[in-house]
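Dear colleague,

I am handing over the structure we spoke about, and my notes on it follow directly below. Please read them with the coordinates open beside you.

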Amino acid sequence: MAVASTTVAGVALSVLSTGGTASAQVSGASAPVVTRAALDPALVAGRGASVDFAEQEAEKASTTGSVIGPDRSAYTLPAEASGRSAVKLTPGQYVEFTLPNTTNAITVRYSLPDAPTGGGITAPLSVTVNGGNRTSLTLTSQYAYLYNLYPFSNDPNAGVLHPDWWITECSCVPNSQTPPFTVSTPFRPNHFYDEQRLLLGRTYRAGDKLRLTVPATSPAAWTVIDLLDSQYVGLPHVDVVAANVLAFGADPSGRRDSAGAIDKAIAFAKKAHLKVYIPPGVYQVNRHIIVDNVTIVGAGSWYTIIKGHQVDLATPAPDGSVHTGVGFYGQDASVGGSTNVHLSGFAIEGDVRERIDTDQVNGVGGALSNSTVDGLYIHHTKVGIWLDGPMTNLKLTHNVIADQIADGINFHTGVTQSTASNNVIRNTGDDAMAMWSERTADSGDVFDHNTVQTPVLANGIALYGGTDNTVSNNLIADPIREGSGLQVGSRFGAQPFTGHVWITNNTTVRAGTYELNWNIGLGAIWIYALERSIDADVEVVGDNFLDNTYNAIMLVVDFPVKDQYSITNVHFKDIKVDGTGTSVLSARSAGSASFANVDARNVGAVGVNNCGSFHFTGAGSEFSLTDLGGNDGGGTTGAWLAAWELPNTITCDDRPPVVVPPAPSPW
Ligand SMILES: [Ca+2]
């Protein structure tokens with residue numbers, strides 16, 4: 001990882017364009033500014049995934065275009081950008097990055113307009129280094145753009161999808177109005193971004209200038225560039241002692257369907273006790289490859305690409321799917337699941353553009369016990385990795401999951417003793433990572449050292465019930481709406497939380513989002529009792545909550561059940577809160593929590609916004625705080641945990657003015 005230069009002042013200079021037309025203004029830094037989640041890497045050292053690329057935000061690079069943002073308002077281009085800012089280019093404009101390291105491969109995160117009637121467009125982007133070696137990317141918005149209410153639509157012109165649902169735009173049920181309330185279109189556009197990888201074909205040095213230029217003839221009115229990841233990709237991995245899929249008829253040109261050939265290679269490998277090897281190439285697969293007791297190795301995710309079309313099923317499958325598509329699936333848990341499956345070193349490129357929750361069109365699925373998934377790149381599937389247990393002992397490591405319609409990783413139903421670590425997950429349409437204890441509890445699971453960026457809906461990492469699960473050392477940035485950085489929620493029919501919940505040493509940044517339906521700010525971590533009380537031992541230790549849009553911490557019970565459920569037994573220790581638009585803690589629940597060594601600064605409102613369960617009795621709030629000492633600092637209102645607030649002073653204010661905090665800095 002390169003040393004970041006974060007102190008380079010923006011320089012502006014004027015250059016004459018070679019076309020002899022008007023001069024263009026160039027703004028931004030010429031020295032590389034390497035960041036992690038748009039932060040100085042020193043602020044997040046030891047947290048998040050260890051990765052082999054360096055990340056540079058376009059808004060910190062040199063450009064003839066215009067910087068958009070920062071802006072955290074949902075349904076806008078800046079809000080879904082890393083760091084809530086990006087660069088907008090019109091045809092002829094460019095953004096130029098100074099490469100921080102030896103580089104032969106890049107990932108560009110970008111946005112294009114949708115087609116007027118939906119479905120996306122394509123447009124070129126030219127890549128040059130030091131003014132030469134031109135290559136080109138064909139960008140697309142065919143996998144971007146969702147509109148409207150759940151389960152969303154690809155039609156930018158559609159009226160409200162559920163006119164019988166309450167919506168926040170009118171604070172009404174549209175069909176109950178006379179005349180019915182109509183929404184303006186496009187209604188709630190989101191999921192603007194996509195990303196694309198490119199092997200440059202030769203190796204460049206640190207200091208070389210990589211320029212992304214929108215050709216003057218581009219059909220796209222604008223091209224937004226969010227960031228560039230650059231890296232050096234080594235030679236393809238070769239496995240000689242293996243069942244090579246080419247020997248079984250697989251077509252590495254991607255022209256013929258290779259699913260049958262891969263099945264044959266798997267069958268042979270199992271008999272011969274060999275691995276399956278998939279050499280460099282693009283392999284067309286338009287259905288699930290069922291895996292059990294097999295190891296499948298690619299040449300590396302930049303070289304071996306399994307790519308498929310979404311296929312309409314003639315009749316719905318027993319699981320409710322109406323489509324199928326490329327994916328590697330363990331057998332269903334109802335027939336015992338699969339075991340001893342090891343997948344590594346390839347990409348899965350799906351073709352999912354709409355959200356149909358009954359469809360099994362995920363990158364990896366089924367039940368996979370005693371298994372590993374390592375070094376995959378999973379793109380354009382519905383969910384990157386969705387496990388349906390019961391199952392046990394799965395390890396997910398060093399996977400990159402991007403541009404999903406729904407979740408990134410979901411441990412669903414009785415997934416136990418399993419780990420997801422060092423994964424990078426970006427632009428999911430739902431929770432980036434979740435443990436969902438539906439019907440059967442997840443237990444003994446760990447999400448550790450993952451990096452999550454810009455989930456456009458829901459949470460960075462969410463736990464829905466379960467026993468003795470851990471979320472540790474993760475870096476979670478830029479959640480956008482109807483969720484936040486970390487959630488502990490009794491929701492979605494989950495089993496109760498029992499035993500311990502450990503939320504340790506995570507960093508969130510630019511979380512604590514605005515909840516559009518509730519019309520209030522959430523916390524970077526929010527503990528939410530909707531379907532039952534939360535009374536397991538929740539230990540929140542060593543976490544840093546940076547640049548919170550609203551609160552750092554929220555404990556909330558849904559209003560209709562505020563007198564039924566409570567949140568108790570939550571313990572905060574060794575926490576740093578750097579910057580809150582509003583409070584350090586917002587309590588909208590009966591119950592209690594303890595605080596030890598929770599330090600805060602740059603706090604925008606009263607330290608504790610204590611509403612309890614909204615009875616406002618003379619005895620004080622129904623939520624009480626225990627001060628275990630060392631809770632220092634505060635902001636505009638003085639100490640965040642002042643003696644006068646303890647144990648349960650009512651300080652309830654739903655919508656205090658937001659004070660935008662300064663950027664996070666070394667503590
Ligand atoms: Ca950006």
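A disulfide is taken here to be a pair of cysteine sulfur atoms within 2.5 Å. With that criterion, a search of the whole structure, which is a predicted model, finds two disulfides.

In one of them Cys170 is joined to Cys172, with an S to S distance of 1.9 Å. The torsion about this S-S bond is about -85°, and the disulfide of Cys170 and Cys172 is therefore left-handed. The two cysteines differ in their surroundings, since Cys170 is partly exposed with a relative accessible area of 21%, whereas Cys172 is buried with 7%.

The other disulfide joins Cys611 to Cys652 at an S to S distance of 2.0 Å, and with 85° about the S-S bond this link is right-handed. Cys611 sits in the loop between strand 58 (608-610) and strand 59 (623-627), while Cys652 belongs to the segment after strand 61 (638-639), so the pair ties together parts that are 41 residues apart in sequence. Cys611 counts as buried at 1% relative accessibility, and Cys652 counts as partly exposed at 26%. When the bonded cysteines of the protein chain are numbered in sequence order, the pairing reads 1-2, 3-4.

Turning to the metal site, the calcium ion is coordinated at 2.1 to 2.8 Å by Glu57 (OE), Glu59 (OE), Glu59 (OE), Ser82 (O), Ser85 (O), Asp226 (O) and Asp226 (OD). Along the chain these donors follow the spacing E-x1-E-x22-S-x2-S-x140-D. Because Glu59 lies in the loop between strand 4 (53-57) and strand 5 (62-63) and Asp226 lies in strand 14 (residues 223-231), this pair ties together parts that are 167 residues apart in sequence. Glu59 counts as buried at 14% relative accessibility, as does Asp226 at 0%.

As for the nonpolar interior, the largest core has 89 residues, and those with the most contacts inside it are Val291, Ile296, Phe545 and Phe572. Helix 1 (residues 259-272) gives the most to this core, contributing six residues. Leaving aside residues up to four places away in sequence, Val291 touches Ile266, Ile296, Phe328, Tyr329, Gly330, Gln331, Ser338, Val341, Leu343 and Leu368. A second, separate core of 26 residues includes Leu112, Leu137, Leu139 and Leu210.

Leu137, listed in that second core, also appears in a strand pairing, where Leu137 of strand 11 is the bridge partner of Leu125. Strand 10 (residues 122-129) and strand 11 (residues 132-140) pair in the antiparallel sense over seven bridges. Their hairpin has two residues between the strands, and Asn130 takes a positive phi near 50° there.

Finally, a note on Ser594, which is found in strand 57 (residues 590-603) and is buried, with a relative accessible area of 7%. Again not counting residues up to four places away in sequence, Ser594 touches Val570, His571, Phe572, Thr626 and Leu628; of these, Phe572 is also among the residues with the most contacts inside the largest nonpolar core. Ser594 and Gln360, by contrast, are 43 Å apart in space, C-alpha to C-alpha, and 234 residues apart in sequence.

With best regards

Conventions. Residues numbered from 1 in each chain as written. Predicted model: local features only at pLDDT ≥ 70, side-chain atom pairs only at ≥ 80, totals over all residues. Heavy atoms only, no water. Pairing = 2+ DSSP bridges. Helix = DSSP H or I, 4+ residues; strand = E, 2+ residues; numbered from the N terminus. Buried < 20%, exposed > 50% of the residue type's maximum accessible area, 1.4 Å probe, protein only. Donors = N, O, S within 2.8 Å, 3.2 Å for Na, K, Ca; no water. Contact = heavy atoms within 4.5 Å. Core = buried A, V, L, I, M, F, W, Y, C linked by side-chain atoms within 4.5 Å.
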